[in-house]
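I sat down with this one over coffee and kept notes as I went. Here is what I looked up, entry by entry.

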Amino acid sequence: MAHRSQKNIITSLKSARIDFGLTQQQLAKKTGVPRTTISKIEAGFRNTTVNTILDLAKAVNLDLRLVKQEVLRKTKNMERGFTTLNNVYIDSAAILSNYNFFKNKFKNKDIWPVLKANAYGHGIEPITTILSKVKPTFMVVDSYYEALQIWKISPNQQILLIGALSPHNYPNINFTKISLTVFDISSLKYLGKLNKEVRIHLKVNTGFNRQGIKLDQIEKFCIELKKYPQVKLEGLMSHLANADEPDDKFTKSQEKEFDQVIKLITSHGLKPKHIHLSATAGSFTANDSSSNAIRLGIGLYGYNPLPHNHAQYNKIKIRPALTIASSITNIINIKKGDQVSYNGTYKASKDMKVGVLPLGYFEVFDRKLSNQGVVKFKDTTCPIIGNICMNMTTFDLKNLKAQLYDTVKVISTNPADKNSIYQIAKMTETIPYEVLTRINQNIRRNII
Ligand SMILES: Cc1ncc(COP(=O)(O)O)c(C=O)c1O
């Protein structure tokens, strides 16, 4: 049958079916392809085998050669676009449950999720997508680039930028959706000269000695601020240095100084709407009576920043949300005495089976995990053997039945597992923050 629009036929079987005078039901009967499958194919070729499409195309007298070409092209594109050997999975229920835990625990405070450092390695886009349900007052980022990523998903989200920013960029910033943190009087002067309404949060150095204006400069800051009516002091903040320690002496001294600053600011007739001091640890360990918001970082992602022996440790009821899965891309049988990977740091003590994963220190594993870390295959813990490479890792497949492209769990959400973020941090002598934020951005993030 000659067809009036060959192009249409190739890109959509629907038009061909209609031209052929068949309902979906009739075409289903004619081909044996279920009607629901036809309906899915007509909505776009996803999740459909080429043969099914060809059966349908044949039934409506399409040019099979062209259809085949087109379908294969689409399928190939889909495969290229949709299949990755390494995957990060983010459990949206865990993120929301962690967020709500803090929200319910601190009812008189606003909870602002911190999405800096690629949302602690989880991915800014998936975390923004998940949090779009709870509509936080602010999402907190370190850089303007991170704000742009958030706006791709939630274009109207208000952002608090807490990192340093070159004043040269001020003219290019969309100040209607962002509040800047000001750490010094010179940035205030730059902002004041823009002649635009700008909202700022003043960061006070109460003893961290990294960023912020000290108590003895506050007076000067207030006087300067009054020169620029377009610069609105929306927030006042500081950051605690030792909030995760059982001894709270230093936290108390920081709080005392912060309260002095609040008094001083108030005496100048300034009334910042948002006062915030604590991050995850401080929310449980500081008095925090003057503030009305918490900048929630690590706790949002389900990691407890307090040491086990801290009196508050068990009160933080959260769970990790991030899993990483990889795929076996090679299986090698080696003999007793054979070496594995660079420099032969592993020598087989018996004949054995080695699995290869397509990720290494570029993607996720600290090289210190060579001959130390583990992965999980079919619920069995399998040691990483030999030196971790840039993009590959070798592990002991034990006597497990394995096939190419079988899934291997690289990072577990269970804190007790040897391949959890907590245990990896311990083995590599660092903190969960560092392990998380080093997870390469290139690995696809999937929300589950
Ligand atoms: C200023 C500031 N606020 C909040 C946070 C979030 O801290 P946490 O992840 O411990 O909740 C950080 C983290 O580095 C920070 O620098």
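**Entry on V140.** I began with one residue, and I kept in mind that this is a predicted model. Leaving out residues up to four places away in sequence, V140 touches W112, P113, V114, L115, K116, L160, I162 and R295. I then looked at the wider setting of V140. The largest nonpolar core has 97 residues, and V140 is among those that touch the most other members, together with W112, L115 and V375. This core takes at least three residues from domain 2 (92–315) and at least three from domain 3 (322–412 + 414–447). I also found a second, separate core of 13 residues, with A16, L27, L56 and V67 among them. As a reminder to myself, nonpolar side chains tend to be buried together in soluble globular proteins.

**Entry on the ligand.** Which residues surround the ligand? I listed V114, I162, H239, A279, T280, A281, R295, L296, G297, I298, G299 and P305. Two elements, α14 (280–285) and β9 (293–296), each give two or more residues to this shell. By class I noted seven nonpolar, four polar and one charged residues. I was pleased to meet some names again: V114, I162 and R295 are in the ligand shell, and V140 touches V114, I162 and R295.

**Entry on the domains.** I wrote down the division of the chain as domain 1 (6–82), domain 2 (92–315) and domain 3 (322–412 + 414–447). The centres of domain 2 and domain 3, taken over C-alpha atoms, are 37 Å apart. How many residues of each are in contact? I found 13 from domain 2 and 11 from domain 3. On the domain 2 side, α8 (116–120) and α9 (124–131) each give two or more residues. That side divides into seven nonpolar, six polar and no charged residues.

**Entry on strand β1.** I followed β1 (residues 87–90) side chain by side chain. V88 and I90 point to one face and are buried, while N87 and Y89 point to the other and are not. This fits the textbook pattern, since side chains in a regular strand alternate between the two faces of the sheet. Next I checked the partners of β1. With β19 (residues 444–447) β1 pairs in the parallel sense over four bridges, and V88 has R445 as its bridge partner there. With β10 (residues 322–327) β1 runs antiparallel, again joined by four bridges, and I90 stands opposite L322.

**Entry on positive phi.** I picked out two residues that are not glycine. N371 has a phi near 55 degrees and sits in the loop between β14 (352–357) and β15 (374–377). N371 counts as partly exposed because 15 other C-beta atoms lie within 10 Å. Y405 has a positive phi of about 70 degrees and belongs to the loop between β17 (393–396) and β18 (407–411). Is Y405 buried or exposed? Y405 has 10 C-beta neighbours inside 10 Å, so Y405 counts as exposed.

**Entry on G212.** My last stop was the loop between β6 (198–203) and α12 (215–225), where G212 is placed. G212 has 21 other C-beta atoms within 10 Å, so this glycine is buried. Its contacts, leaving aside neighbours within four places in sequence, are F183, K203, V204, N205 and S238. F183 is 29 residues from G212 along the chain, and their C-alpha atoms are separated by 4.2 Å.

Methods
Residues are numbered from 1 along each chain as its sequence is written. This is a predicted model: local features need pLDDT of at least 70, side-chain atom pairs count only at pLDDT 80 or more; totals for chains, interfaces and linings use all residues. A residue is near a molecule or strand if its C-beta atom, placed from the backbone, lies within 6 Å of it. Ala, Val, Leu, Ile, Met, Phe, Trp, Tyr, Cys and Pro count as nonpolar, Asp, Glu, Lys and Arg as charged, and the others, Gly among them, as polar. A nonpolar core is a set of buried Ala, Val, Leu, Ile, Met, Phe, Trp, Tyr and Cys residues joined through C-beta atoms within 7 Å. A residue is buried if 20 or more other C-beta atoms lie within 10 Å of its own, exposed if 12 or fewer, and partly exposed in between; C-beta atoms are placed from the backbone. Domain bounds come from an automatic or database domain assignment. Two residues are in contact if their C-beta atoms, placed from the backbone, lie within 7 Å. Two strands pair if DSSP finds at least two bridges between them.
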